[in-house]
Amino acid sequence: MARYLGLDASTQSLSALVIDMDTGAVCANHSVGFGERLPQYHSPKGFLVHDDPRVRHSDPLMWVEALELLLEDLVKASVDLGSVRGVSGAGQQHGSVYLARSFDTVGAWSTERPLRDQVQPLLSRRTSPIWMDSATSVECAEIARAAGGDDRVVALTGSRAIERFTGPQIRKFYKDSPADWARTCEIHLVSSFMASLLTAHSAPIDLGDGAGMNLLDLGTGTWSPDLLDATAPGLKAKLRPPVSCTTRVGVVADFFVKKYGFSPDTPVIAFTGDNPSSLVGMGATRPGTAVISLGTSDTVFAAMAAPRTDPRGYGHVFGNPAGNFMALACFANGSLAREEIAHRFGLDWDAFADGILKRTRPGNRGNLLLPFFVPEITPRVPVPLVRWFGSEAFVDGHDPYAAARAVVEAQALSLRLYSRWIGEDMNPILVTGGASCNPGILRVLADVFQARIVPLQVSNSSALGGALRAAQAVGGTAWDELARRFSAPANHLAVKPDPATRAVYDEAGHELERRLNEILV
Ligand code: XUL
């Protein structure tokens, strides 16, 4: 029996998914929600509450504890971890963990004590800045200046210096806490941190996730000396050289063998970012298939035939785990904005979809919402900003269904506007993430993009991507074969565009752009 385990350490939960190569089935799919299962971390949405909306950190020990809870859940559900032949996984991108003692000094985790208590003394920084943090504008400007300007940073790394990217976050830590910086000997991304926990060794950062740091030279696949220098003194010594996403980084540590029944010597393949992993899980590693992921963040991404960068400076180029590159644009006001509207107007998800499908019309009779409930990444809106334009009832907050349509239309139009630079064919578009089962949201996406929108049968594409990457690296199964077997489209849930809505959404797109231009800095 050849089974592979994929993990996904995302913003609000840690998930595990097991695939069976013999039957072609997903035989386990479990999640631990941080807010619900680990309330002692005071992170109902996966991050610590902070007065400054630009500051978003999480407690890395929450992720450690979640790993043990998740494995306990799997064992309780009679998932035989001894039959797993390989493990890989993914993490929310850009977030960083700082260690005063390397994982390589651990030797072996003791089964006598919770993992959390053993990881705590290794940390040089109690909290981890995550992708939602936008408090590093000053550092971005400093890095860009020192490295020779925005265009040079884009040419080297595929992105401008970006607030949530790890390099600017590292620089801020070095400036704000010089003593803690001096005692830091090792820096991890969430992905390499999770792989290090599993192997009890310092796992390297992979090229897929490493490209989201403003430190990786995409041309050479190595840390750029100029960007290392521009970011913080002594940084080179704190980062291991990056590796390709298919590298074997160790074996599952004895602790997990003894406590959860893994087989000794189960290989662990480099973990990557949740978006590169999702590219694999969606079966979209070849150019020609675009993906929209509707999670805490909304992202739109696609494998690229040739490297291309965003002239507006919002988009990014990351490593494609199957080789070459992928393009991505990220929107911070994803599910948090949809949840805010649903909550404010007392709509459950059925009523939300119903409001879109049955009680309102494409274009929303001109009602338009700028839904930046948290600082936005694309376009750059540095502080929360929510504006309502349209009828009196809508503006005064008395029209729940128009509000539901308005948040989704604004998101879909923004996804379309800011993904044009990717230049790849956007029809059909595969969708994944929590909201990809909402028919109201799929209808709006189909009409706005004038494209067929196709969900997959498995919704957790990032964890699936982890399992598939383990199967490719350990079992040698080709990417196309894995996609054919595990990334099957749910064609019965696919939504076709209504051509009659094209003109309405072209007009609404112009209106959104006009309103955005009024507020953009
Ligand atoms: C991508 C990004 C987010 C995180 C969280 O650049 O910041 O999508 O990976 O999932």
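**Note on pockets, cores and domains in the predicted model**

1. In this predicted model, helix α4, which covers residues 137-147, gives the most to the lining of the second largest pocket, contributing 4 residues. That pocket encloses about 510 Å³ of space, and 29 residues line it, with Ala161, Ile162, Glu163, Ile377 and Arg380 lying nearest its centre. By class, the lining of the second largest pocket is made up of 16 nonpolar, 3 polar and 10 charged residues. Because domain 1 (3-275) and domain 2 (283-455 + 490-521) both give residues to this lining, the second largest pocket lies between them.

2. Ala161, one of the residues nearest the centre of the second largest pocket, is found in the loop between α5 (150-157) and α6 (166-176). With a relative accessible area of 13%, Ala161 is buried, because buried means under 20%. When its neighbours within four places in sequence are left aside, Ala161 is in contact with Cys140, Val153 and Asn214. Ala161 and Thr136 are 25 residues apart in sequence, and their C-alpha atoms are 9.7 Å apart in space.

3. The domain assignment divides the protein into domain 1 (3-275) and domain 2 (283-455 + 490-521), so that domain 2 is written as two segments of the chain. The C-alpha centres of domain 1 and domain 2 lie 28 Å apart, and contacts between the two involve 28 residues of domain 1 and 27 residues of domain 2.

4. The largest pocket holds about 1,000 Å³ of space. Its lining comprises 48 residues, and the closest to its centre are Leu294, Gly295, Thr296, Gly433 and Gly434. Two or more lining residues come from each of β2 (13-20), α12 (274-281), β14 (290-294), β17 (325-331), α13 (335-344), β20 and α18 (461-475). As for the make-up of this lining, 15 residues are nonpolar, 28 are polar and 5 are charged. Where does the largest pocket lie with respect to domain 1 and domain 2? Both domains give residues to its lining, so the largest pocket lies between them.

5. Cys437 sits in the loop between β20 (429-432) and α17 (439-449). Is Cys437 buried or exposed? Its relative accessible area is 64%, and Cys437 therefore counts as exposed, the cut-off for that class being over 50%. Thr299 and Cys437 are 138 residues apart in sequence, while the distance between their C-alpha atoms is 16 Å.

6. The largest nonpolar core has 161 residues, of which Trp109, Met194, Phe256, Phe262, Phe352 and Leu445 touch the most other members. Since domain 1 (3-275) and domain 2 (283-455 + 490-521) both give residues to this core, it lies between them. Apart from its neighbours within four places in sequence, Trp109 is in contact with Phe103, Leu115, Gln118, Val119, Leu122, Ser196, Leu197, Ala200, Ala253, Phe255 and Phe256. A second core, separate from the largest, consists of 15 residues, including Leu17, Met21, Leu468 and Ala470. As background, nonpolar side chains tend to be buried together in soluble globular proteins.

7. Thr199 is found in helix α8, which spans residues 190-199. Thr199 counts as buried because its relative accessibility, at 4%, falls under the 20% cut-off. With its neighbours within four places in sequence left aside, the contacts of Thr199 are Val249, Gly250, Val251, Ala253 and Val268. Ala253 also appears among the contacts of Trp109.

8. Besides the pockets, the structure holds 5 cavities of 30 Å³ or more, and the largest cavity has a volume of about 110 Å³. Which residues are the closest to the centre of the largest cavity? Of the 13 that line it, they are Pro371, Phe372, Ala410, Gln411 and Ser414. The elements giving two or more residues to the lining of the largest cavity are β18 (368-372), α16 (400-417) and α20 (502-519). Sorted by class, the lining of the largest cavity has 7 nonpolar, 4 polar and 2 charged residues.

How values were computed: Residues numbered from 1 in each chain as written. Predicted model: local features only at pLDDT ≥ 70, side-chain atom pairs only at ≥ 80, totals over all residues. Heavy atoms only, no water. Buried < 20%, exposed > 50% of the residue type's maximum accessible area, 1.4 Å probe, protein only. 1 Å grid on protein atoms, 1.4 Å probe; cavity = no way out; pocket = protein on both sides within 12 Å on 5 of 7 lines; lining within 4 Å. Points joined across faces, edges and corners; volume = space filled by probe spheres on them. Nonpolar A, V, L, I, M, F, W, Y, C, P; charged D, E, K, R; others polar. Core = buried A, V, L, I, M, F, W, Y, C linked by side-chain atoms within 4.5 Å. Contact = heavy atoms within 4.5 Å.
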